[in-house]
Structure formats: structure tokens, C-alpha cells
Amino acid sequence: MKNEIFRTHDSGNGSEGPEEKSILTELDLKNLPRHVAVIMDGNGRWAARKRLPRIEGHRRGIQAVREVITLARELEISILTLYAFSNENWSRPAPEINQLMTLLKRYLLKEVETMMSNEIRFRAVGQIDRLPGAVADLIQSVEEKTRDNKKMTLVLALSYGGRTEIVDTVKRLAEDLRTEKISVKDLDETLFSEYLYTGDIPDPDLMIRTSGEVRISNFFLWQLAYTELYFTRVLWPDFKREDFLLALLDYQQRERRFGLVSKWKQGYRAAKESQ
Ligand code: FPP
């Protein structure tokens, strides 16, 4: 049976192309990842290949952001995290940082009503207090405005670094230990996770990185422990609905064992032992 997917209000870019339709027939819509995280990489290289300024790559990157959010919402994926600005990105030239902050502000101002009409909750994770005051204030107001939306959570990792997050987590835990809000015997993986920036957000099931780089670059170091990783050579501004669907299809072909023995191996072993 052909899969029909729900199209959101303001979803923007018209109907599915033939390739998207054929991937959709393969996809099991009942077995999609709950949380998909994306390292959006390759904006600069995309621009360089076209002899355009880097900012053009980021601008086109926003179109890809819209496509992916729209499709995730249509597919009823519960959580989508986009790594939009890393701690390391603070070392970029000031004009590029300023341009990225301006794009982010414009994006939030423009999309907040779309988030409301599509019941998307917005969250930001990272050292938000390092962002310019106007950006941090805007983030807070969009978080507050969208906080009761239930259909999907859009998480932006901003001024984010995995090691810094772990250090910040340890500091907050140490403070609560010092004031005896918690005791050492309470400390386990679950409690530690609750102190991360992502405290109430489940770990990603699938992490996608674009642009051909095969590393995680300080992203969600704790949270990716059991996540399926998918790498594609497509540069972020070229990442289309079809590319996202291919990543989901690839995910569905994997067997997630979380360190356990696969069902196939269990069956094989049982058969051997009964011989
Ligand atoms: C990586 O490309 C991308 C970034 C550092 C920023 C990502 C930002 C956007 C897609 C636009 C803003 C996003 C939102 C949500 C408003 P790169 O510059 O590192 O590319 P390169 O490795 O090819 O140089």
C-alpha cells in the first residue's frame, strides 16, 4: 500500500517528487525514529563551489532547515535537533558570526507563527547566555510562546559543545551535592542525564551528518551513546526531502541491539544448543 503522509500548513514547497514517492513506498511509517539529530555541515563549501560568499551558503542552509522541519513534522517525528552553532564556531571571523546571528533572529521572528500553526515546540540547548542579548531574549520568548505545543519539538543546539555540556552538568551536580539536594548514592546514569542541557529530551535514535565528514565533532557526546549514525556527502544547502527520507530508510534497515544479542543470533544459538 502506498504511504500517504500528512502535509502541514505552510509546508511550503509543493508536492512530492517521483523519487520521494518511491522512497516513501519503502518506508515503514510506523517505525520511524522518535528523535533525529542533524549536524548541518557544508554551507561554506557549497558557497565556495559556487564562488559565492559563505553567507550565501548559510542562507541556502536555512531553506534546507525549512524542508527538513516540514518533512519531520509531516512524518510525525517527535523531536528534531539541529546543530546550528557550536562552541568552536565562536572562533570564526566576527562578520560571519554576526551574519549567522542575524539569520537566526530573522528565522525565529519569521517562523514563530508557523511553529504555532503546526504545534511545534521550540527549544534551544547550549550556552545561550553567550549569545547576543537580543538573540537570547528572542529565543526565550519563542520557547515560552511555543511551550504547550505538542506535535513536535524542534531543538536548536546553539553555542553548544558536548564536553562543555558535560562539565556544566558536573558543576550543577556538584552544587546540588554540596547543598544536599541530592546525595552521592542517588547518582546514576539517569540522574546524570537529567542534569544535561537536554535533561527532559530523550537521546537521538538517528544522527545525520552532511558534507562527507565522518565524525561527531563534540556534538551530543553523552546522548549519542546508542544512536545510529548516518553520514552523507550531500552538502547541507543541497540536502532535500529525498535525502532525509533516504537517511530514515537506512535507519530502518539497521538492527538496534543496545549491546544485546540479536534475535537472529539468539534463534541460531538456541537451534545449535538443541542439536
Ligand atoms: C556548517 O557549515 C554550518 C554552520 C556552522 C551553521 C549552520 C547554520 C545554518 C544552516 C543557518 C542558520 C540556522 C538556523 C536554524 C537559522 P560550515 O560553515 O561549517 O561549512 P563548511 O564546513 O563547508 O565551511
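Select glutamine 223 in this predicted model; the residue is found in the loop between β5 and β6. Glutamine 223 counts as buried because 23 C-beta neighbours lie inside 10 Å, where 20 or more are required. Leaving aside neighbours within four places in sequence, its contacts are Thr198, Asp203 and Pro204. For a distant reference point, display lysine 150: the two residues are 73 apart in sequence, and their C-alpha atoms are 22 Å apart in space.

**Across to the loop between α7 and β5**

Continue from glutamine 223 to threonine 198, which is found in the loop between α7 and β5. Apart from neighbours within four places in sequence, threonine 198 is in contact with Val125 and Gln223. This residue counts as buried because it has 25 C-beta neighbours inside 10 Å. Alanine 157 is 41 residues away from threonine 198 along the chain, and the C-alpha atoms of the two are separated by 9.8 Å.

Next, select leucine 196, whose place is also in the loop between α7 (189-195) and β5 (206-209). With 21 C-beta neighbours inside 10 Å, leucine 196 is classed as buried. Its contacts, leaving aside neighbours within four places in sequence, are Glu165, Thr169 and Trp222. A line drawn from the C-alpha atom of leucine 196 to that of leucine 173 should read 9.7 Å, for a pair 23 residues apart along the chain.

Isoleucine 201 is the next stop, in the loop between α7 and β5. Is isoleucine 201 buried or partly exposed? It has 19 C-beta neighbours inside 10 Å, and the cut-off for burial is 20 or more, so isoleucine 201 counts as partly exposed. Beyond neighbours within four places in sequence, isoleucine 201 is in contact with Ile79 and Val155. Its C-alpha atom is separated by 22 Å from that of glutamine 252, which is 51 residues away along the chain.

**Two residues with positive phi**

Most residues other than glycine have a negative phi. Select serine 211, in the loop between β5 and β6 (228-231). Its phi is positive, near 85°, although the residue is not a glycine. Serine 211 counts as buried, with 22 C-beta neighbours inside 10 Å.

Then move to glutamate 180, in the loop between α6 (162-178) and α7. This residue likewise is not a glycine and has a positive phi, of about 60°. How many other C-beta atoms lie within 10 Å of glutamate 180? There are 7, and glutamate 180 is therefore exposed.

**Along helix α4**

Select residues 94-117, which form helix α4. At 1.5 Å a residue, its 24 residues should span 34 Å; the end C-alpha atoms are 35 Å apart, which agrees. Where is the kink in α4 centred? It is centred on glutamate 111, and the bend is about 45°.

Now colour Leu100, Leu104, Glu111 and Met115, which are buried in α4. Glutamate 111 thus marks the centre of the kink and is also one of the buried residues. To see what covers the buried residues of α4, display α3 (54-74), β2 (79-86), β3 (120-125) and α5 (133-146), which are among the covering elements. Following α4 is glutamate 119, whose phi is positive, near 55°.

**Around the ligand**

Keep α4 on display and add α2 (43-49), α3 and β2: each of these four elements supplies at least two residues of the shell around the ligand. Which element gives the largest share of that shell? The answer is α3, with 4 residues. Of the 19 residues around the ligand, those that come nearest are Asn43, Gly44, Arg45, Gly61 and Tyr107. By class, the shell consists of 10 nonpolar, 7 polar and 2 charged residues.

**Into the nonpolar core**

In soluble globular proteins, nonpolar side chains tend to be buried together. The largest nonpolar core here has 60 residues. To find the members that touch the most other members, select Val38, Val68, Ala72, Leu80, Tyr83 and Ala84.

End the tour at tyrosine 83, one of those residues. Not counting residues up to four places away in sequence, tyrosine 83 touches Val38, Ile39, Met40, Ala157, Tyr160 and Phe219. Val38 is itself listed with tyrosine 83 among the core members that touch the most others. Ala157 has appeared already, as the residue whose C-alpha atom is separated by 9.8 Å from that of threonine 198.

Technical notes
Residues numbered from 1 in each chain as written. Predicted model: local features only at pLDDT ≥ 70, side-chain atom pairs only at ≥ 80, totals over all residues. Expected span 1.5 Å × (residues − 1). Bend = angle between axes of the 7 residues up to and from the residue. Buried ≥ 20, exposed ≤ 12 C-beta atoms within 10 Å, placed from the backbone. Contact = placed C-beta atoms within 7 Å. Near = placed C-beta within 6 Å. Nonpolar A, V, L, I, M, F, W, Y, C, P; charged D, E, K, R; others polar. Core = buried A, V, L, I, M, F, W, Y, C linked by C-beta atoms within 7 Å.
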